[in-house]
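Thanks for asking me to look this one over. Have the sequence and the 3D view open while you go through my points.

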Amino acid sequence: MRILCVCLGNICRSPMAQGALERRLAEAGVDAQVDSAGTGAYHIGNPPDPRGLAAASSRGYDNSAQRARQIRSADFVEFDVLLAMDGSNLENLRRACSADSSCEIRLFDPQGRDIPDPYYGGPADYERALDMIEFAADALTTEISEKRLNP
Ligand code: 4NP
């Protein structure tokens with residue numbers, strides 16, 4: 001199963017989400033490929049934000065090799081599911097998705113909460129975003145391993 005985590009810049013939330021989900025799915029024995037991308041082009045080629053790297057590394061994730069990229073049309077074909085960090089990312093993805101694409105687009109949090117953008121905040125906002133991401137990633141992993149998430 002191929003999963004794409006999507007936020008705006010691909011330097012804060014979606015890299016953390018990729019790390020958190022990858023680890024949980026691997027631990028659950030789910031055969032999955034997880035990647036991340038941004039709807040915006042602002043940070044293409046950049047590593048994750050240092051504040052996000054610090055929050056992630058304090059919880060045992062190593063995201064330092066990730067580089068930001070922008071969503072491309074092939075993503076809607078190559079990934080089974082696109083997981084948006086907030087409602088704005090979700091809207092942008094739905095708008096960019098061609099009608100014939102069969103991929104599923106939904107929020108990362110199965111309970112439908114937005115993961116707030118920490119970019120204009122401080123370290124505590126990154127910790128809070130990662131708290132929410134880990135909580136959502138736990139629920140997603142349960143859903144996926146019980147095959148409640150299509151396909
Ligand atoms: P992200 O955070 O979408 O979680 O990666 C942001 C990063 C950069 C910007 C906005 C949000 N920006 O406007 O540059």
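**Notes on the model**

1. Let's start with a surface residue. The side chain of Gln111 makes a polar contact with the side chain of Arg113, at 3.0 Å. (A polar contact is a pair of N or O atoms within 3.5 Å; within protein, one must be able to donate a hydrogen and the other to accept it, and residues adjacent in sequence count only if both atoms are side-chain atoms.) Gln111 is found in the loop between strand S4 (104–107) and helix H5 (123–145). Helices (H or I, at least four residues) and strands (E, at least two) are DSSP runs, numbered from the N terminus. With a relative accessible area of 58%, Gln111 is exposed; the scale here is buried under 20%, exposed over 50% and partly exposed in between, with a 1.4 Å probe and protein chains only. His43 is 68 residues from Gln111 along the chain, and their C-alpha atoms are separated by 29 Å.

2. A word on what you are looking at. This is a predicted model, where local features need pLDDT of at least 70 and side-chain atom pairs count only at pLDDT 80 or more, while totals for chains, interfaces and linings use all residues. Residues are numbered from 1 along each chain as its sequence is written, and side-chain values use heavy atoms, with hydrogens and water left out.

3. Now the ligand. Which residues are around the ligand? They are Cys7, Leu8, Gly9, Asn10, Ile11, Cys12, Arg13, His43, Asp117, Tyr119 and Tyr120, where near means that one of the residue's heavy atoms lies within 4 Å. By class, that shell has six nonpolar, three polar and two charged residues. For the classes, Ala, Val, Leu, Ile, Met, Phe, Trp, Tyr, Cys and Pro count as nonpolar, Asp, Glu, Lys and Arg as charged, and the others, Gly among them, as polar.

4. Some of these residues come within polar range of ligand oxygen. A polar backbone atom of Cys12 is 2.9 Å from an oxygen atom of the ligand. For Asn10, a backbone N or O atom lies 3.2 Å from a ligand oxygen, and for Asp117 an N or O atom in the side chain is 3.1 Å from one. The ligand taken alone exposes 350 Å², and the protein buries 93% of that; the areas come from the Shrake-Rupley method with a 1.4 Å probe, and for residues only the protein chains shown count as cover.

5. Asn10 deserves a second look. Its phi is positive, about 60 degrees, although Asn10 is not a glycine. It lies in the loop between strand S1 (2–7) and helix H1 (13–27), and at 3% relative accessibility Asn10 counts as buried.

6. You may wonder about the cysteines. How many disulfides does the structure hold? Zero, taking a disulfide as a pair of cysteine sulfur atoms within 2.5 Å. The closest cysteine sulfur to that of Cys12 is in Cys7, 6.8 Å away, so it is too far for a bond. Cys12 is buried at 5% relative accessible area, and Cys97 is buried too, at 19%.

7. Is Asp86 buried or exposed? It is buried, with a relative accessible area of 13%, and it is found in the loop between strand S3 (81–84) and helix H4 (87–96). A polar atom of the Asp86 side chain lies 2.8 Å from the backbone nitrogen of Asn89. Not counting residues up to four places away in sequence, Asp86 touches Arg13, Leu107, Asp114 and Ile115; contact means heavy atoms within 4.5 Å.

8. Glu134, in helix H5, also counts as buried, at 15% relative accessibility. With residues up to four places away in sequence left out, Glu134 touches Ala20, Arg24, Arg59 and Tyr61.

9. Finally, compare two residues in strand S2. Gln33 lies in this strand (residues 33–38) and counts as exposed at 53% relative accessibility, whereas Val34, also in S2, is buried at 10%. Leaving aside neighbours within four places in sequence, Gln33 is in contact with Met1, Arg2 and Ile3. On the same basis, the contacts of Val34 are Ile3, Cys5, Gln18, Leu21, Glu22 and Leu25.
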